Amino acid sequence: QVQLGESGGGLVQAGGSLRLSCAASGRTFSSYAMGWLRQAPGKEREFVAAISWTGSRSYYADSVKGRFTISRDNAKSTVYLQMNSLKPEDTAVYYCAARPTHYSGNYYYAKPGDYDYWGQGTQVTVSS
């Protein structure tokens, strides 16, 4: 089991940048595929970015491709989301999520239902 805690959210002007961090507890963080998802008011939770447990594969929603970068540091049990060129439509609560892989395969996961563990979320607000 893993516990997740996000940080780094805040208020930023359009065109600005933020870096979100998600720190995980537990000794087997490196075996989890990780993802970032977000939920705006009145909308369903949606996929943003994902990374395999090895870190060698990543995948992005079309809406953030070229602007956001997901990365992980297994030694620090942390996954990051670098967000550049932010837009007002990026405003949402951002969640990190984890799916155990038991070190098998090298996959990423792009659906909210693919993930077993969730953080509490961090608010990102982009002003126009």
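Start with the whole chain: its 128 residues would give a compact globule a radius of gyration near 14 Å, and the chain has 14 Å, which agrees. That radius is taken over C-alpha atoms, and the globule rule is 2.2 Å times the number of residues to the power 0.38. Along the principal axes, the C-alpha atoms fill a box of roughly 45 × 25 × 25 Å.

This is a predicted model, in which local features need pLDDT of at least 70 and side-chain atom pairs count only at pLDDT 80 or more, while totals for chains, interfaces and linings use all residues. Residues are numbered from 1 along each chain as its sequence is written, and side-chain values use heavy atoms, with hydrogens and water left out.

Switch to a cartoon view. The chain shows eleven strands and zero helices; both are DSSP runs numbered from the N terminus, helices being H or I over at least four residues and strands E over at least two.

Next, select β1, β3, β8 and β7. They form an open antiparallel sheet in that order, where two strands pair if DSSP finds at least two bridges between them. The edges are β1 (4-7) and β7 (68-73), each pairing on one side only. Neighbouring strands here are turned by 15° against each other on average, direction ignored; the axes are lines fitted to C-alpha atoms, for helices over the stretch in contact, and angles run from 0 to 180 degrees between N-to-C directions.

Keep β7 and β8 (residues 78-83) on screen. Six antiparallel bridges join β7 to β8. Pick Phe68 and find its bridge partner in β8, Met83.

Now go to Thr78, also in β8. Thr78 counts as buried because its relative accessibility is 9% (buried is under 20% relative accessible area, exposed over 50%, partly exposed in between, with a 1.4 Å probe and protein chains only). A polar atom of the Thr78 side chain lies 2.8 Å from the backbone oxygen of Lys76. Leaving aside neighbours within four places in sequence, the contacts of Thr78 (heavy atoms within 4.5 Å) include Ser21, Phe29 and Asp73.

Finish in the interior. The largest nonpolar core has 37 residues, and those with the most contacts inside it are Met34, Trp36, Leu81, Met83 and Tyr94. Such a core is a set of buried Ala, Val, Leu, Ile, Met, Phe, Trp, Tyr and Cys residues joined through side-chain atoms within 4.5 Å. Select Tyr94: leaving aside neighbours within four places in sequence, its contacts include Trp36, Phe68, Leu81, Met83 and Val124.

Definitions and conventions:
Polar contact = N/O pair within 3.5 Å; in protein donor to acceptor, adjacent residues only side chain to side chain.
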